[in-house]
Amino acid sequence: MVDLGSVPAGRRWLARLTFIAALAAVLLALAGAGIRASIGLLLVSVIGMSVMLAAGWWFLTHRGVMRWLSAVVAVAAPVTVLISYARASLIWLVVLFVLILAGMVAAGRAALRHAHHHKPEEFDTPPPSRPFLIMNPRSGGGKVARFELDSRARKLGATVFLLDGSGGEVDVAAVARQAVADGADLLGVAGGDGTQALVAAVAAESGVPFMVISAGTRNHFAMDLGLDRADPSTGLDALDNGVELRIDLGRVGDRVFVNNASFGAYATIVQSPAYRDDKTGTTLELLPDLLTGHQGPVLRVTAGSLALLGPQAVLVSNNPYGLDDVAGLGRRYSMDGGELGLLAVHVRGAADAASLLFGGRPGTITRTSSSTIEIDSDTGSLPVGVDGEALIMPTPIRCTISPGALRVRVPRRRPGVPAPPPELDWTRLRHLALGRG
């Protein structure tokens, strides 16, 4: 129930505007084309959307000629709908309808947005005297060289170790441990999330602060720390003008992860030797069997009192992802909540796949949080994607979280983490709009 006594009048009016916009969209559709034409075009739109989603499902679950015929149908269906509106001279109606709906969503979320959101506590600590940074020149398409990260770091007094790729694979955890043994009082990484997780584990066990430089491709960890992903060189400001945060670390078995551990479809795909060189082609080749249940182990998931059987994909994250993120590819709005996030997807057909675009229907997506999550199967081992790295682990696999285990040094001035967008709760909006408790 909403405590209206503490709700500003502006938020109440935004809630009312949400309902006004919803009504305006309906009236526009009926008046703009006429009731009979509107019903006809609505049916065309529904049929077109249904055909497009069904064809998309066939594209993902079939191979060969059927896959590409499905792709043609998936593209042709929305084009046919647009042609129907164009022939009725109603493209303007579609554009205006979409704009009104966008305004409705924006007003609804603004009405439900809280004025304050959680911010991690910052600790003032002296700058490191012997920082040690591990940099991968190949990460992010060569960001280390493009932003001159190595030379800038050396000018700030850091020792830089470059992963140049010569002489075979480098054990970055061993490099980090040796650096600490030699007196390093900060460990940092300019590279991908997988490398960051390995060095973060060493930093946590050694009790030295850790520093992230967003030189990878996606930089999910850097984003969730509130760092500037566009210019990784700003991360170096933490060396002489930084503060410390205390954040959690996830563990899957004896392996640390800073972002997530994945099981099922995605984890199986990244195990393929061809995945690194051809991500799209390998994914399309393996998806049919994974989505239709003809390949891959049957997963059993336990999180507290929750038990799941047979989800195709499971994502265990170091703190939960936002509710606006269906695939776990977006952001976490807190990294110090002390709980793992669980996102499990169970797709049984085209209707379930289609519902994922709208947040999933009951039984399709399961979200929860827990301090401990266990993944098991009838097989003796399972493929696991740990921060994007492919591993094989013996079952059952236990995931845990270590609250506040990692000291992270970040620039004092940084973009920060925005407030999470609120879920569009129509019951709360109604209470706000009507001004009653």
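These legends go with a set of close-up views of a predicted model.

**Figure 1. The whole chain, before zooming in.** Start with the overall tally: the protein's secondary structure adds up to 13 helices and 16 strands. Out of 437 residues, 43% count as buried. If you take the contacts with a separation of 6 or more, 72% of them join residues 24 or more positions apart.

**Figure 2. The largest nonpolar core and the residues in the thick of it.** This core has 34 residues, and Leu187, Phe210, Phe221, Ile247 and Leu406 are the ones with the most contacts inside it. Elements giving two or more residues to the core include strand 1 (131-135), helix 7 (172-181), strand 3 (186-190), strand 5 (242-252) and strand 16 (397-411). Helix 8 supplies the largest share, with 6 residues.

**Figure 3. Phe210 and its neighbours, plus a word on the other core.** Setting aside residues up to four places away in sequence, Phe210 touches Leu187, Gly188 and Val189, then Gln196, Val199, Ala200 and Ala203. Its contacts also take in Phe221 and the run Leu406, Arg407, Val408 and Arg409. There is a second, separate core as well: it has 22 residues, among them Val301, Leu340, Ile375 and Met393.

**Figure 4. Helix 4 and its buried face.** Helix 4 covers residues 91-112, which makes 22 residues. From first C-alpha to last, helix 4 reaches 32 Å, close to the 32 Å expected at 1.5 Å a residue. Its buried residues are Leu93, Met104, Ala107, Gly108, Ala111 and Leu112. Look down the axis of helix 4 and the buried residues fall within an arc of 125°, so they line one face of the helix. As background, an α-helix has 3.6 residues a turn, so residues three or four places apart point the same way.

**Figure 5. The aromatic pair, Phe19 with Trp426.** The structure holds just 1 aromatic pair. The ring centres of Phe19 and Trp426 are 5.5 Å apart and the planes sit at 70°, so this is an edge-to-face pair. Phe19 belongs to helix 1 (residues 9-33) and Trp426 to helix 13 (residues 426-434), so the pair ties together parts that are 407 residues apart in sequence. Phe19 is partly exposed at 31% relative accessibility, and Trp426 is partly exposed too, at 35%.

**Figure 6. Two arginines sitting over rings.** In one spot, Arg16 lies over the face of Trp13, 4.6 Å from the ring centre. In another, the charged end of Arg246 sits over the ring of Phe123, at 4.3 Å from its centre.

**Figure 7. Asp150, a buried acid.** Asp150 is part of helix 6 (residues 149-155). Its relative accessible area is 19%, and buried means under 20%, so Asp150 counts as buried. Which residues is Asp150 in contact with, leaving aside its neighbours within four places in sequence? They are Met135, Val144, Val160 and Leu162.

**Figure 8. Ser371 in its loop.** Ser371 lies between strand 12 (365-370) and strand 13 (372-376), in the loop that separates them. At 41% relative accessibility, Ser371 is partly exposed. Ser371 and Thr400 are 29 residues apart in sequence, yet their C-alpha atoms are 5.9 Å apart in space. Not counting residues up to four places away in sequence, Ser371 touches Glu339 and Leu340 on the one hand, and Cys399, Thr400 and Ile401 on the other.

Methods: Residues numbered from 1 in each chain as written. Predicted model: local features only at pLDDT ≥ 70, side-chain atom pairs only at ≥ 80, totals over all residues. Heavy atoms only, no water. Core = buried A, V, L, I, M, F, W, Y, C linked by side-chain atoms within 4.5 Å. Buried < 20%, exposed > 50% of the residue type's maximum accessible area, 1.4 Å probe, protein only. Helix = DSSP H or I, 4+ residues; strand = E, 2+ residues; numbered from the N terminus. Contact = heavy atoms within 4.5 Å. Expected span 1.5 Å × (residues − 1). Arc of directions from axis to C-beta. Phe/Tyr/Trp six-rings, centres within 6.5 Å; stacked < 30°, edge-to-face > 60°. Lys NZ or Arg CZ within 6 Å of the ring centre and 35° of its normal.
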